[in-house]
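Here is a small set of exercises to help you get to know a new structure. Try each task with the structure in view before you read the solution.

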Amino acid sequence: MSNTTSNSAAGVDNTFRRKFDREEYLERARERERQEEEQAKPKGRGPPVQRKPLKHRDYEVDLESRLGKTQVVTPVAPLSQQAGYYCSVCECVVKDSANYLDHINGKKHQRALGMSMRAERSSLKQVQERFENLKKRKDLGSFTEQDFDERILKQQQEEEERKRLRREKKKEKKKEAVEEPEMDPDVAALMGFGGFRSSNKK
């Protein structure tokens, strides 16, 4: 056998060596780094939105209107008619009153109303005015011992009236029970009882 056939495979040219263009690959690496930096940056959100500070609710939260009521729930009903408490601002249903209160006092709901979770800082003058208003309200709402005695008398009279009505209802029920028609003695004998007398005869 000859040496030429054992050293090289037939039909394979392995004499070519690939040469890399360093400038081309450096440019590709720079381009990839630029794309990664653009993705890492937050997308054009713009300046932060200035929201109003928290303020008092101007409506009463209704938690007790549907208390103890039965409701038929269907899976195809709109959200506002499903079981639980419906928030029309956020368009969601919350299953119980505690979670509903957490929701309406929470960040998501307040943001939907256009408020931040920060309270407005009060000045000294505002605090003093608030105290004055509370003092005036307290003075107007104060009552004397005479008012207290009148309230107690009124409550006692109402209680006596309730007791009297109860007694009258009981008397009416007793009269109705007594006024039941007497059963015919022949029919009673046929049925097997003659009355509510004892069977011992003396």
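The exercises below go from the whole chain to single residues, and they all concern a predicted model.

**Exercise 1. The overall layout**

Task: Find how many helices and strands the protein chain has, and in which order the elements run.

Solution:
- Step 1. Count the elements: the protein chain has 7 helices and 4 strands.
- Step 2. Read them off from the N terminus, which gives α-α-β-β-β-α-α-β-α-α-α.
- Step 3. Turn to burial: 8% of the 202 residues of the protein chain count as buried.
- Step 4. Look at contacts between residues at least 6 apart in sequence: 35% of them join residues at least 24 apart.

**Exercise 2. An annotated span**

Task: Locate the residues that UniProt lists for "domain: U1-type" and describe that span.

Solution:
- Step 1. The unreviewed UniProt entry lists residues 82-116 under this name.
- Step 2. Within residues 82-116, 40% is helix and 23% is strand.
- Step 3. The C-alpha atoms at the two ends of the span lie 30 Å apart.

**Exercise 3. A nonpolar core**

Task: Work out which residues make up the largest nonpolar core and which elements give two or more residues to this core.

Solution:
- Step 1. The largest nonpolar core has 7 residues in all: Y85, C87, C90, C92, V94, Y100 and I104.
- Step 2. Two or more of these residues come from each of β2, β3 and α3.
- Step 3. A wider tendency fits here: in soluble globular proteins, nonpolar side chains tend to be buried together.
- Step 4. Take C87 as one member of the core. Leaving aside residues up to four places away in sequence, C87 touches C92, Y100, H103 and H109.

**Exercise 4. One face of a helix**

Task: Decide where the buried residues of α3 sit around the helix, and what covers them.

Solution:
- Step 1. List the buried residues of α3, which are Y100, H103 and I104.
- Step 2. Look down the axis of α3: these buried residues fall within an arc of 90 degrees, so they line one face of the helix.
- Step 3. Their cover includes β2, β3 (92-94) and α4 (107-112).
- Step 4. Focus on H103, a residue of helix α3. H103 has a relative accessible area of 14%, so it is buried.
- Step 5. Not counting residues up to four places away in sequence, H103 touches C87, C90, C92, V94 and H109.

**Exercise 5. Two rings**

Task: Say how many aromatic pairs there are, and whether the rings of Y85 and Y100 are stacked or edge-to-face.

Solution:
- Step 1. The count comes to 1 aromatic pair.
- Step 2. The ring centres of Y85 and Y100 are 5.3 Å apart and the planes stand at 20 degrees, so the pair is stacked; the cut-off for stacking is under 30 degrees.
- Step 3. Y85 belongs to strand β2 (residues 85-87) and Y100 to helix α3 (residues 97-104), so the pair ties together parts that are 15 residues apart in sequence.
- Step 4. Y100 is buried, at a relative accessible area of 14%.

**Exercise 6. Charged side chains in α2**

Task: Trace how E27, R30, E31 and R34 are linked.

Solution:
- Step 1. The whole structure holds 7 salt bridges.
- Step 2. R30 and E27 meet in one of them, at 3.7 Å from N to O. R30 and E27 are 3 residues apart in helix α2 (residues 22-40), about one helical turn.
- Step 3. E27 also forms a salt bridge with R34, at 3.8 Å.
- Step 4. R34 meets E31 in a salt bridge of 2.5 Å, and these two residues of α2 are likewise 3 residues apart, about one turn of the helix.
- Step 5. Put together, E27, R30, E31 and R34 are linked in a network of salt bridges.
- Step 6. Check exposure: R30 is partly exposed at 42%, as are E27 at 40%, R34 at 40% and E31 at 36%.

**Exercise 7. A backbone angle**

Task: Find what stands out about the phi of E91, and whether E91 is buried or exposed.

Solution:
- Step 1. Start from the general rule: most residues other than glycine have a negative phi.
- Step 2. E91 is not a glycine, yet its phi is positive, about 55 degrees.
- Step 3. E91 lies in the loop between β2 and β3.
- Step 4. With 55% relative accessibility, E91 counts as exposed.

Terms used: Residues are numbered from 1 along each chain as its sequence is written. This is a predicted model: local features need pLDDT of at least 70, side-chain atom pairs count only at pLDDT 80 or more; totals for chains, interfaces and linings use all residues. Side-chain values use heavy atoms; hydrogens and water are left out. UniProt positions are given in the numbering used here, feature names are shortened, and annotations may be inferred rather than shown by experiment. Rings of Phe, Tyr and Trp (its six-membered ring) pair if their centres lie within 6.5 Å; planes under 30 degrees apart count as stacked, over 60 as edge-to-face and the rest as tilted. Buried means under 20% relative accessible area, exposed over 50%, partly exposed in between (1.4 Å probe, protein chains only). A salt bridge is a side-chain nitrogen of Lys or Arg within 4 Å of a carboxyl oxygen of Asp or Glu. Contact means heavy atoms within 4.5 Å. The arc is that of the directions from the helix axis to the C-beta atoms. A nonpolar core is a set of buried Ala, Val, Leu, Ile, Met, Phe, Trp, Tyr and Cys residues joined through side-chain atoms within 4.5 Å.
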